[in-house]
Amino acid sequence: MRPAPDIDSIDNRDEAWVRGFSRWVYPKLARYFRASIRGLDRVPEGAALIVGNHSGGFVSADMWLLGGALYLRGGLASVPFGLAHEIAVKLPGVHQVLPRLGAVRASPENASRLFERGDKVLVYPGGDVDAFRPTKYRDRILFGRRRGYVRLALRCGVPIVPVVSAGSHETWWVLTEGRALARLLGTHRWLRLDVVPITWSLPWGFMIGFPPVYIPLPTRILIEVLEPIAFERSGEEAASDAEYVEACHARVLSRMQSALDRLARERKQLKRSR
């Protein structure tokens, strides 16, 4: 067996893997989810922090759709490296694949090294809170109290490029995120996870906890890249200003939620017109 890649290395990405995925897997995913991906021309050249809403648990179809579309449009330089939760990037089998497609362990240090090299970085600030939100909140963006993404962009002086996805949280059902159970089990302490959800998915049915890879339902997914946001201030002083960080976060979240509201309405119209 090949040795597992170093999950903190920024040199694991293999263009042959990215090209193969984009040419062979991405088109099948796009057809299965009847995907529409817009605004790819808004992704700037050079370093940038791409910020998305997170859906679908460990089966995050929107992430793969975005990466494949970006590669086919602009080549490897337009594809962001993904900041991944340590658990996800260390899963058996998965740990042989994700780093070669561009995943690195989520940390400010790894992101900074990528920015210094001129690369783009993809992050989902809501993490488990967003990815495992109840289905009734599928059209809401939940970042919780997490502002590290703003501080990262300010500290490194890079623009934030919001990317909004609608539909990918309908590939399964989340009855509850299980925050009380997570507190009881202390999962934040030993897994850095704040939820223990109750879900329904194929083929697992109802499950308490985190289901492994499941078969996503063929729902329509709409993805839109929004205009980059360049903040007026940057550097360590701006990143340490809690009030300014909060204002920047509110600006990003407001723009993303407005876009998600619009895409959700469009999906409903498309369903009625079938």
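The following exercises, each with a worked solution, concern a predicted model.

**Exercise 1. The largest nonpolar core**

Determine how many residues the largest nonpolar core has and which element gives the largest share of this core.

Solution. The largest nonpolar core has 36 residues. Leu49, Val51, Tyr149, Leu154, Ile160 and Phe231 are those with the most contacts inside this core. Next, consider the elements that give two or more residues to the core: these are β2 (48-52), β3 (81-84), α5 (108-116), β5 (120-123), α7 (148-156), β6 (160-166), α10 (236-239) and α11 (242-273). Helix α11 supplies the largest share, 8 residues. A second, separate core has 24 residues, among them Val18, Tyr26, Ala30 and Ile223. As general background, nonpolar side chains in soluble globular proteins tend to be buried together.

**Exercise 2. Helix α7 and its packing**

Identify which residues of α7 are buried, and state which elements they pack against.

Solution. The buried residues in α7 are Tyr149, Val150, Leu152, Ala153 and Leu154. The elements against which the buried residues of α7 pack are β2, α5, β5, β6, α10 and α11. Leu154 may serve as an example. With neighbours within four places in sequence left aside, Leu154 is in contact with Phe231, Arg233, Ser234, Gly235, Ala238, Ala239, Tyr244, Val245 and Cys248. After α7 comes Gly157, which has a positive phi near 65 degrees.

**Exercise 3. The setting of Ile50**

Decide whether Ile50 is buried or exposed, and find which residues it is in contact with beyond four places in sequence.

Solution. Begin with location: Ile50 is in strand β2. Its relative accessible area is 0%, and therefore Ile50 is buried. Leaving aside neighbours within four places in sequence, the contacts of Ile50 are Val43, Pro80, Val121, Leu122, Val123, Val161 and Val163. For a sense of distance, take Gly20: 30 residues separate Gly20 and Ile50 in sequence, and their C-alpha atoms are 23 Å apart in space.

**Exercise 4. The surroundings of Glu177**

Explain why Glu177 counts as buried, and describe its contacts.

Solution. Glu177 is placed in the loop between β7 (173-176) and α8 (179-185). Glu177 counts as buried because its relative accessibility is 19%, and the cut-off for buried is under 20%. The side chain of Glu177 makes a polar contact, at 3.3 Å, with the side chain of Arg179. Apart from neighbours within four places in sequence, Glu177 is in contact with Phe132, Pro134, Val195, Val196 and Pro197.

**Exercise 5. A nonpolar surface patch**

State which residues make the nonpolar surface patch and which element gives the most to it.

Solution. The patch, of about 1,000 Å², is made by Trp173, Leu175, Leu181, Leu184, Leu185, Trp190, Ile198, Phe206 and Ile208. Two or more of these residues come from each of β7, α8 and β9 (205-208). With 3 residues, α8 gives the most. Trp173 belongs to strand β7 and, at 44% relative accessibility, counts as partly exposed.

**Exercise 6. Salt bridges across the sequence**

Find how many salt bridges there are, and examine which parts of the chain are linked by Arg105 and Glu86, by Asp194 and Arg146, and by Arg267 and Glu170.

Solution. The count is 19 salt bridges.

1. Arg105 and Glu86 meet through their side chains in a salt bridge of 2.9 Å, N to O. Arg105 is in strand β4 (residues 103-105) and Glu86 in helix α3 (residues 86-90), so the pair ties together parts 19 residues apart in sequence.
2. In the salt bridge of Asp194 with Arg146, the closest N and O atoms are 2.9 Å apart. Asp194 is in the loop between α9 and β8, Arg146 is in the loop between α6 (127-131) and α7, and the two are 48 residues apart. Asp194 is partly exposed at 25% relative accessibility, and Arg146 is partly exposed at 26%.
3. The side chains of Arg267 and Glu170 form a salt bridge of 3.2 Å, N to O. Arg267 lies in helix α11 and Glu170 in the loop between β6 and β7, so this pair ties together parts 97 residues apart in sequence. At 5% relative accessibility, Arg267 counts as buried.

Finally, Arg42, Glu224, Glu227 and Arg262 are joined into one network by salt bridges that share partners.

Technical notes. Residues are numbered from 1 along each chain as its sequence is written. This is a predicted model: local features need pLDDT of at least 70, side-chain atom pairs count only at pLDDT 80 or more; totals for chains, interfaces and linings use all residues. Side-chain values use heavy atoms; hydrogens and water are left out. Helices (H or I, at least four residues) and strands (E, at least two) are DSSP runs, numbered from the N terminus. Buried means under 20% relative accessible area, exposed over 50%, partly exposed in between (1.4 Å probe, protein chains only). A polar contact is a pair of N or O atoms within 3.5 Å; within protein, one must be able to donate a hydrogen and the other to accept it, and residues adjacent in sequence count only if both atoms are side-chain atoms. Contact means heavy atoms within 4.5 Å. Patches are made of residues with over 30% relative accessible area and no salt bridge: like charges are joined within 9 Å, nonpolar side chains (Val, Leu, Ile, Met, Phe, Trp, Tyr) within 5 Å. Accessible areas come from the Shrake-Rupley method with a 1.4 Å probe; for residues, only the protein chains shown count as cover. A salt bridge is a side-chain nitrogen of Lys or Arg within 4 Å of a carboxyl oxygen of Asp or Glu. A nonpolar core is a set of buried Ala, Val, Leu, Ile, Met, Phe, Trp, Tyr and Cys residues joined through side-chain atoms within 4.5 Å.
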